[in-house]
Amino acid sequence: MQPPRRQRLYVYELPADASLELVGDRAHYLRNVLRVKAGQTIIVFDARGSEALADVVRLTRHGALLQISRRLEPRAESPLEVHLIQAVAKSDAMDLIVQKATELGIARIRPVITEHSVVRLDAERAGRRLEHWQRIARSACEQSGRHYLPTIDLPCPLAEALADNVDSAPRFLLDPDADRSLAQRLAGTHLGVCLLLVGPEGGFSRQDLASAHRAGFEGSSLGPRILRVETAAITACALAQGQWGDLR
Ligand code: SAH
C-alpha cells in the first residue's frame, strides 16, 4: 500500500537552521485548512524550490513551531518555460486560469490590460488582485505537489508587456481567425521558452493584434470553435507542455 501523501505547506522562506516558527496566515493555514496536529510530519516548501520534511512540535492559536528533520531533493521543473500573457478576465475565469496554469507547470503569468478588457484596475485594486492570485497559485502548488511558485506580475498595459519581451523567445498569439493552429506552430521548432498571449472575453482589438504582430507574435488558432478565455488559456498551456514540456 502507498504511504499516505503528506500535507504540503508553502512557507515564505525555508530557514538554514532546523527550526521554523510560523505566525499569521501560514500558521492559520496549517491549523485550520490543512488541519494538521502537533506530532505530525509535513512537507514545507518555498518559492525557490527548497523542500524539507518537518515535524510539528507545537501548535497554538498564535503560531506554530516546526522542526526540520530532512531536506528533500528539489524536483525539476518542466524543461519548457511557458510565460502566459493573459488579458485580465473576469474574476472567476482569471482565478481558474491562475490555478490551472500553476498545476500545468507554467513559469510566469503576466496579466495585461487590452483595449477590450472588461476589467479596469486602479493601482490599489491591481495590488489586491495580485495578492489574491498569488494565494491561489500557492494553494495550487500545495495541492499539486509542484515545487516552484510561478511568477505572477502586476497587471500592466499590453504595450508594456510587449515592449518587455524583446528577446528571441518564440511567441504565439491565440487568435480564432489565425490560419495556422497552435499545434502546428509548436511542432515547427524545438522550444525551451515560449510566450502565449491570450485575449479577454471581448477578444483582441485590431490595434492589439497589430502591436502583437509587430512584437513578433504569430497568430495561432485552437480549432474551429470559439473557446471561453479560461478554456483557451488552459488548452494553450497544456498543448505547449504536451509538445515540449513535461506533459509529453
Ligand atoms: N469574441 C471574441 C472571442 C474571445 S474568446 C473573438 O471573436 O475574438 C477570448 C480569447 O480566447 C481570444 O481573444 C483568444 O485569445 C482565445 N481564443 C478563444 N477561442 C479561440 C480559438 N478557437 N483559437 C484561438 N484562440 C482562441
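How are helix 1 and helix 3 oriented to each other? In this predicted model, helix 1 and helix 3 are oblique to each other, and the legends below begin with the contact between these two elements.

**View 1. Helix 1 against helix 3.** The axes of helix 1, residues 24-33, and helix 3, residues 123-144, come within 14 Å. They cross at roughly 40 degrees, and the crossing is right-handed. On the side of helix 1, the contact is made by Asp25, Arg26 and Tyr29, which meet Arg138, Ser139 and Glu142 of helix 3. By class, the residues of this contact comprise 1 nonpolar, 1 polar and 4 charged.

**View 2. The open sheet of 5 strands.** The strands of this open sheet follow the order 1-3-4-5-2, and their pairing is mixed. Strand 1 (8-10) and strand 2 (19-23) form the edges, each pairing on one side only. From one strand to the next, the twist averages 40 degrees.

**View 3. Strand 3 paired with strand 4.** Strand 3, residues 41-45, and strand 4, residues 51-59, run antiparallel and are joined by 5 bridges. Within this region, Ile42 stands opposite Ala54 of strand 4.

**View 4. Helices packed on the sheet.** Helix 1 lies across strand 1, strand 2, strand 3, strand 4 and strand 5 (63-72). The direction of helix 1 is at about 95 degrees to strand 2. Helix 3 also packs on the sheet, where it touches strand 1 and strand 3. The direction of helix 3 makes about 155 degrees with that of strand 1.

**View 5. Domain 1 and domain 2.** The protein chain is divided into domain 1, spanning 8-72, and domain 2, spanning 81-244. The centres of the two domains, taken over C-alpha atoms, are separated by 32 Å. At the junction, 13 residues of domain 1 are in contact with 9 residues of domain 2.

**View 6. Helix 2 crossing helix 3.** The axis of helix 2, residues 91-103, comes within 8 Å of the axis of helix 3, and the two cross at roughly 40 degrees. Helix 2 and helix 3 are therefore oblique to each other, and their crossing is right-handed. From helix 2, the contact draws on Ser91, Met94, Asp95, Val98, Gln99, Thr102 and Glu103. From helix 3, the partners are Arg129, His132, Trp133, Ile136, Ala137, Ala140, Cys141, Gln143 and Ser144. The residues of the contact of helix 2 with helix 3 divide by class into 7 nonpolar, 6 polar and 3 charged.

**View 7. Helix 2 alongside helix 7.** The axes of helix 2 and helix 7, residues 229-244, come within 9 Å and cross at roughly 10 degrees. Because angles under 35 degrees count as roughly parallel, helix 2 is described as roughly parallel to helix 7. Helix 2 passes helix 7 in a right-handed crossing. Ala93, Leu96, Ile97, Lys100 and Ala101 of helix 2 meet Val229, Glu230, Ala233, Ile234 and Cys237 of helix 7. Of the residues in the contact of helix 2 with helix 7, 8 are nonpolar and 2 are charged, with no polar residues.

Note on methods
Residues are numbered from 1 along each chain as its sequence is written. This is a predicted model: local features need pLDDT of at least 70, side-chain atom pairs count only at pLDDT 80 or more; totals for chains, interfaces and linings use all residues. Side-chain values use heavy atoms; hydrogens and water are left out. Axes are lines fitted to C-alpha atoms, for helices over the stretch in contact, and angles run from 0 to 180 degrees between N-to-C directions. Helices (H or I, at least four residues) and strands (E, at least two) are DSSP runs, numbered from the N terminus. Angles under 35 degrees count as roughly parallel, over 145 as roughly antiparallel, 65 to 115 as roughly perpendicular and the rest as oblique. A crossing is left-handed if the near helix is turned anticlockwise from the far one by less than a right angle, and right-handed if clockwise. Contact means heavy atoms within 4.5 Å. Ala, Val, Leu, Ile, Met, Phe, Trp, Tyr, Cys and Pro count as nonpolar, Asp, Glu, Lys and Arg as charged, and the others, Gly among them, as polar. Two strands pair if DSSP finds at least two bridges between them. Domain bounds come from an automatic or database domain assignment.
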